[in-house]
Amino acid sequence: MRMLMSTALAALIVSSSAFAADLYQATPAPIAPIEPVVATSGWYLRGDVGYAWNHLRGASYWQGGPGGYNADFDDVDIDDSWVIGGGVGYQWNDYFRTDVTLDYMFDTDFEGSTSGSCGVAGNCVSTDRASMSALSLLVNAYVDLGTYGGVAGGFGGVTPYVGAGIGATRVNWGSLRNTSCDVNDPSNCDGSVKHNGEDSWRFTYALMAGASVDLTCNWAADAGYRFRQVAGGDMFGYAMNGGPGDDDGFYIHEARLGLRYTFNSCEVPYVPPAEPIVYK
């Protein structure tokens with residue numbers, strides 16, 4: 001009888017151990033935490049607005065008709081202006097992107113002065129006034145210098161950058177009006193002479209620096225500085241023994257604000273497949 005009870009107890013222990021093993025094997029393995037996969041490349045659109053501080057490097061004109069000479073303006077000045085633009089680009093990776101931009105600079109006023117002989121007196125001072133606008137087409141490349149701060153997913157992260165661009169600018173000069181007055185009697189003036197304005201494409205390069213801030217997974221705000229140098233070219237035509245005229249080009253310093261929209265850049269969570277429950 002005692003041997004029978006011992007045998008039954010041993011069988012119960014073995015059966016309990018096997019059941020516990022089956023129960024352990026039936027418990028599925030824990031699923032690893034979901035790790036977000038963020039797109040680091042893709043196409044984007046951009047729009048920008050800026051304020052430009054313009055500097056005209058100089059201007060000259062032909063004086064005296066056939067057999068005359070080329071003379072520099074005594075003084076030249078051009079007003080500041082607003083700039084608006086847009087473009088399309090591609091983010092190649094976390095650190096490099098390129099885009100093509102088209103920017104329009106609104107009309108800005110030019111004023112210059114010259115001195116010499118004129119019809120009303122032996123010595124005259126001439127005042128010249130015109131307007132100018134410009135359209136720039138640039139191919140640009142940027143190096144993003146890493147993203148700092150922000151929360152999960154990169155929102156609020158700040159990404160400083162530097163860049164450079166190359167292209168062309170179509171400078172459009174309006175008509176120039178020239179008025180000459182006696183040096184000793186400013187009220188004694190010739191009638192104004194109108195010179196037709198010229199337009200031309202000029203070589204242009206640009207240097208940029210700034211920072212962008214992630215607003216959402218698609219949208220980023222951009223604040224930056226851009227320097228452009230526009231080459232010289234035709235300014236106005238011939239009229240009344242004066243002209244044509246040329247400008248020596250521009251330095252343009254811009255403070256810019258913009259938005260970028262990147263396609264397919266939101267977080268895509270990776271969910272690993274569930275492991276099957278195995279019963280033994």
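## Disulfide, salt bridges and aromatic pairs in a strand-rich model

By the distance rule for cysteine sulfur atoms, the count comes to one disulfide. This disulfide joins Cys-181 to Cys-189, with an S to S distance of 1.9 Å, and because the torsion about the S-S bond of Cys-181 and Cys-189 is about 100°, the disulfide is right-handed. Its two ends are covered to unlike degrees: Cys-181 counts as buried at 17% relative accessibility, whereas Cys-189 is partly exposed, with a relative accessible area of 31%. The model is a predicted one, and every value here is computed from it.

The secondary structure of the protein comes to one helix and 17 strands. Of its 280 residues, 34% count as buried, and the accessible surface comes to about 15,900 Å², of which 62% belongs to carbon and sulfur atoms. Among the contacts with a separation of 6 or more, 73% are accounted for by residues 24 or more positions apart.

### Salt bridges

Side chains of opposite charge can pair when their charged atoms come close. A search of the whole structure finds 13 salt bridges, and the table lists some of them.

| Salt bridge | N to O distance |
|---|---|
| Arg-256 and Asp-48 | 3.7 Å |
| Arg-202 and Asp-247 | 2.6 Å |
| Arg-260 and Asp-222 | 3.1 Å |

Which strands do Arg-260 and Asp-222 tie together? Arg-260 lies in strand E16 and Asp-222 in strand E13 (residues 219-230), so the pair ties together parts that are 38 residues apart in sequence. Are Arg-260 and Asp-222 buried or exposed? Arg-260 counts as buried at 7% relative accessibility, and Asp-222 likewise counts as buried, at 7%. Salt bridges that share partners also join Arg-46, Asp-48, Asp-99, Asp-103, Arg-226, Arg-228, Glu-254 and Arg-256 into one network.

Within that network, the side chains of Arg-256 and Asp-48 meet in a salt bridge, a pair that links distant parts of the chain, with Arg-256 in strand E16 (residues 250-262) and Asp-48 in strand E2 (residues 42-56), 208 residues apart. Both Arg-256 and Asp-48 are buried.

Arg-202 forms a salt bridge with Asp-247, and this pair too links distant parts of the chain, since Arg-202 is in strand E12 (residues 199-214) and Asp-247 in strand E15 (residues 242-247), 45 residues apart. Arg-202 counts as buried at 2% relative accessibility, and Asp-247 counts as buried at 3%.

### Aromatic rings

The count of aromatic pairs comes to 15. One of them is formed by Trp-43 and Tyr-90, an edge-to-face pair with 4.9 Å centre to centre and 70° between the planes. The pair links distant parts of the chain, with Trp-43 in strand E2 and Tyr-90 in strand E6 (residues 81-91), 47 residues apart; Trp-43 counts as exposed, at 53% relative accessibility. Tyr-104 and Phe-106 likewise form an edge-to-face pair, with 5.1 Å centre to centre and 85° between the planes, and here Tyr-104 is partly exposed, with a relative accessible area of 31%, as is Phe-106, with 39%. Elsewhere, ring pairs link Tyr-61, Phe-73, Phe-110, Trp-173, Phe-236 and Phe-250 into a cluster.

Charged groups also sit over rings. The charged end of Arg-97 sits over the ring of Tyr-142, 4.2 Å from its centre, and that of Arg-260 sits over the ring of Tyr-44, 5.7 Å from its centre. Arg-260 thus takes part in a ring arrangement with Tyr-44 as well as in a salt bridge with Asp-222.

Notes. Residues are numbered from 1 along each chain as its sequence is written. This is a predicted model: local features need pLDDT of at least 70, side-chain atom pairs count only at pLDDT 80 or more; totals for chains, interfaces and linings use all residues. Side-chain values use heavy atoms; hydrogens and water are left out. Helices (H or I, at least four residues) and strands (E, at least two) are DSSP runs, numbered from the N terminus. Buried means under 20% relative accessible area, exposed over 50%, partly exposed in between (1.4 Å probe, protein chains only). Contact means heavy atoms within 4.5 Å. Accessible areas come from the Shrake-Rupley method with a 1.4 Å probe; for residues, only the protein chains shown count as cover. A salt bridge is a side-chain nitrogen of Lys or Arg within 4 Å of a carboxyl oxygen of Asp or Glu. A disulfide is a pair of cysteine sulfur atoms within 2.5 Å. Rings of Phe, Tyr and Trp (its six-membered ring) pair if their centres lie within 6.5 Å; planes under 30 degrees apart count as stacked, over 60 as edge-to-face and the rest as tilted. A charge sits over a ring if NZ of Lys or CZ of Arg is within 6 Å of the ring centre and within 35 degrees of the ring normal.
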